[in-house]
Amino acid sequence: MRTTGRRRRNLEGMTTTTPTEMSTLAETARQMTSGGRGVLAADESIKTMSARLEAEGIPAGDVTRRDYRELLLTADGLPDSVSGIILSDETFGQELSDGRPFPLAARELGILPGIKVDTGTTPLPGQGGALITEGLDRLGTRLASYAGRGAAFAKWRAVFDVTTTNSYVARANAHALARYAALCQEHGIVPIVEPEVLCNGDHALAVSAETTGLALASVFEELDRAGVDLTGIVLKPNFVTPGLDAPAIPAGDVAAATYEVLLDTVPAAVPGIAFLSGGHPTADVCAFLSDLIAIPERPWHVTFSFGRALVSDALRTWAGAPANVAAAQQRLLDNCRSAQSS
Ligand code: 5MM
């Protein structure tokens with residue numbers, strides 16, 4: 001639960017967390033990424049979730065979005081594979097059919113509830129369509145409310161396209177991520193820091209490596225400037241891969257390229273890295289993760305924080321029919337176990 005210790009001021013006048021609060025954050029970050037479990041990303045915005053429901057012929061509305069998230073959270077055995085679940089603001093404020101709020105139900109299952117706090121992306125002026133993530137306005141007030149309602153961690157996603165990312169785009173998004181992360185830690189919430197380099201397109205592996213390296217280097221520079229304690233964050237990056245429209249390469253090559261970029265940019269103080277799936281097929285991301293986990297003497301815990309790779313099969317199987325709930329939950333559990341045993 002949220003730590004509410006006294007705060008102290010450092011020499012520059014910045015408000016910082018106390019040692020007790022930091023050890024709580026570090027423990028939560030470790031819990032989220034170790035022990036073979038991962039974090040389920042079920043935080044699609046209302047717009048994205050509605051589109052995904054409608055694509056499966058399910059009418060979109062607050063009730064169907066709630067029913068779908070309840071199906072995911074209550075899958076019997078989910079806590080064996082999943083340490084945390086990222087929720088959207090809508091779900092965070094909803095109740096299961098038994099009347100329990102989602103964050104409370106997650107806690108009772110032994111799954112840490114998290115909250116997506118960014119409010120989406122908008123074009124960054126003069127940058128050829130590159131995006132900046134918004135959501136910093138009143139973020140401190142929102143975080144206090146989420147913490148009071150049981151949030152253990154939060155998530156903010158910056159989005160980078162390989163064709164439009166330059167040092168300014170990387171810096172602007174990294175700055176926002178760092179302000180978000182510092183605010184989270186002030187409120188006793190572990191920030192998931194998610195700089196996602198999209199894999200859309202036909203670019204080569206080296207292009208993804210270069211853009212991912214630039215994004216991650218910028219993020220860690222800005223986290224440092226913002227005074228974020230790296231022991232109390234979770235990094236959620238993409239795998240370094242060729243574009244989805246380029247010829248595929250062996251999973252071992254993806255793992256090696258990803259590890260090389262991470263080793264260059266991610267300090268060993270970061271306790272855990274939880275990868276996003278980014279639109280890659282489930283079997284592919286499980287293979288990437290498996291080969292990464294096999295690399296000896298890694299400085300960080302490594303696990304999954306997949307969204308689509310875990311849930312797409314379940315959504316398709318459910319199709320909005322109560323009779324399909326058990327089969328849909330089984331698909332989710334199967335995918336979680338594949339990711340977990342990678
Ligand atoms: C679940 O989707 C998340 C929210 O997306 P929108 O705000 O665009 O609706 C997304 O941030 C997700 O948590 C990550 O991208 C990881 O999901 P994938 O599907 O890439 O593993």
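A polar contact is a pair of N or O atoms within 3.5 Å; within protein, one of the two must be able to donate a hydrogen and the other to accept it. With that in hand, welcome to a set of close-up views of a predicted model.

**Figure 1. Lysine 116 reaches the backbone of aspartate 43.** This view starts in strand β5, which spans residues 112–116 and holds lysine 116. A polar atom of the lysine 116 side chain lies 2.7 Å from the backbone oxygen of aspartate 43. Is lysine 116 buried or exposed? Its relative accessibility is 16%, so lysine 116 counts as buried, the cut-off for that word being under 20%.

**Figure 2. Glutamate 44 sits in a loop, with serine 88 as its partner in this view.** Look for glutamate 44 in the loop that runs between β3 (38–42) and α2 (46–55). Its relative accessibility is 12%, and glutamate 44 therefore counts as buried. How far apart in space are glutamate 44 and serine 88? From C-alpha to C-alpha they are 6.4 Å apart, while 44 residues separate them in sequence.

**Figure 3. The ligand lies in the largest pocket.** Here we move to the ligand, which sits in the largest pocket of the model. Two elements each give two or more residues to the shell around the ligand: β8 (153–160) and β9 (190–197). There are 17 residues around the ligand, and those that come nearest are Thr48, Lys155, Ser277, Gly307 and Arg308. What kinds of residue make up this shell? Nine are charged, five are polar and three are nonpolar.

**Figure 4. Ligand oxygen atoms meet polar atoms of the protein.** Three places are worth finding in this view. At glycine 278, a polar backbone atom is 2.8 Å from an oxygen atom of the ligand. At arginine 157, a polar side-chain atom lies 3.3 Å from a ligand oxygen. Glutamate 194 also has a polar side-chain atom 3.3 Å from an oxygen atom of the ligand. How much of the ligand does the protein cover? On its own the ligand has 500 Å² of accessible area, and the protein covers 89% of that.

**Figure 5. Glutamate 194 has a contact with lysine 155.** Staying with glutamate 194, this view shows its place in strand β9. The side chains of glutamate 194 and lysine 155 are joined by a polar contact of 3.3 Å. Lysine 155 is one of the residues that come nearest to the ligand. Glutamate 194 has a relative accessible area of 3%, so this residue is buried.

**Figure 6. Glutamate 297 and alanine 319 have positive phi values.** Why pause at these two? Most residues other than glycine have a negative phi. At glutamate 297, phi is near 60 degrees, a positive value. The residue is placed in the loop between α11 (282–293) and β12 (301–304). Glutamate 297 counts as exposed because its relative accessibility is 78%, and the word applies over 50%. At alanine 319, phi is near 55 degrees, again a positive value in a residue that is not glycine. Alanine 319 belongs to the loop between α12 (308–318) and α13 (325–340). With 35% relative accessibility, alanine 319 counts as partly exposed.

**Figure 7. Alanine 321 and glutamine 330 are seen with distant partners in the sequence.** Alanine 321 is in the loop between α12 and α13, and its relative accessible area of 25% makes it partly exposed. Which distance separates alanine 321 from isoleucine 58? Their C-alpha atoms are 8.9 Å apart, although the two residues are 263 residues apart along the chain. Glutamine 330 is found in helix α13. This residue is also partly exposed, at a relative accessible area of 37%. Between the C-alpha atoms of glutamine 330 and aspartate 313 there are 9.6 Å, and along the chain the pair is 17 residues apart.

**Figure 8. Tyrosine 168 is shown in helix α8, with serine 34 for reference.** The last view turns to helix α8, made of residues 167–186, where tyrosine 168 is located. Tyrosine 168 has a relative accessible area of 47% and is therefore partly exposed. How far is tyrosine 168 from serine 34 in space? The C-alpha to C-alpha distance is 34 Å, and the two are 134 residues apart in sequence.

Technical notes. Residues numbered from 1 in each chain as written. Predicted model: local features only at pLDDT ≥ 70, side-chain atom pairs only at ≥ 80, totals over all residues. Heavy atoms only, no water. Near = heavy atom within 4 Å. Areas by Shrake-Rupley, 256 points an atom, 1.4 Å probe, with all protein chains shown as cover. 1 Å grid on protein atoms, 1.4 Å probe; cavity = no way out; pocket = protein on both sides within 12 Å on 5 of 7 lines; lining within 4 Å. Sits in = over half its atoms within 2 Å of the grid points. Helix = DSSP H or I, 4+ residues; strand = E, 2+ residues; numbered from the N terminus. Nonpolar A, V, L, I, M, F, W, Y, C, P; charged D, E, K, R; others polar. Buried < 20%, exposed > 50% of the residue type's maximum accessible area, 1.4 Å probe, protein only.
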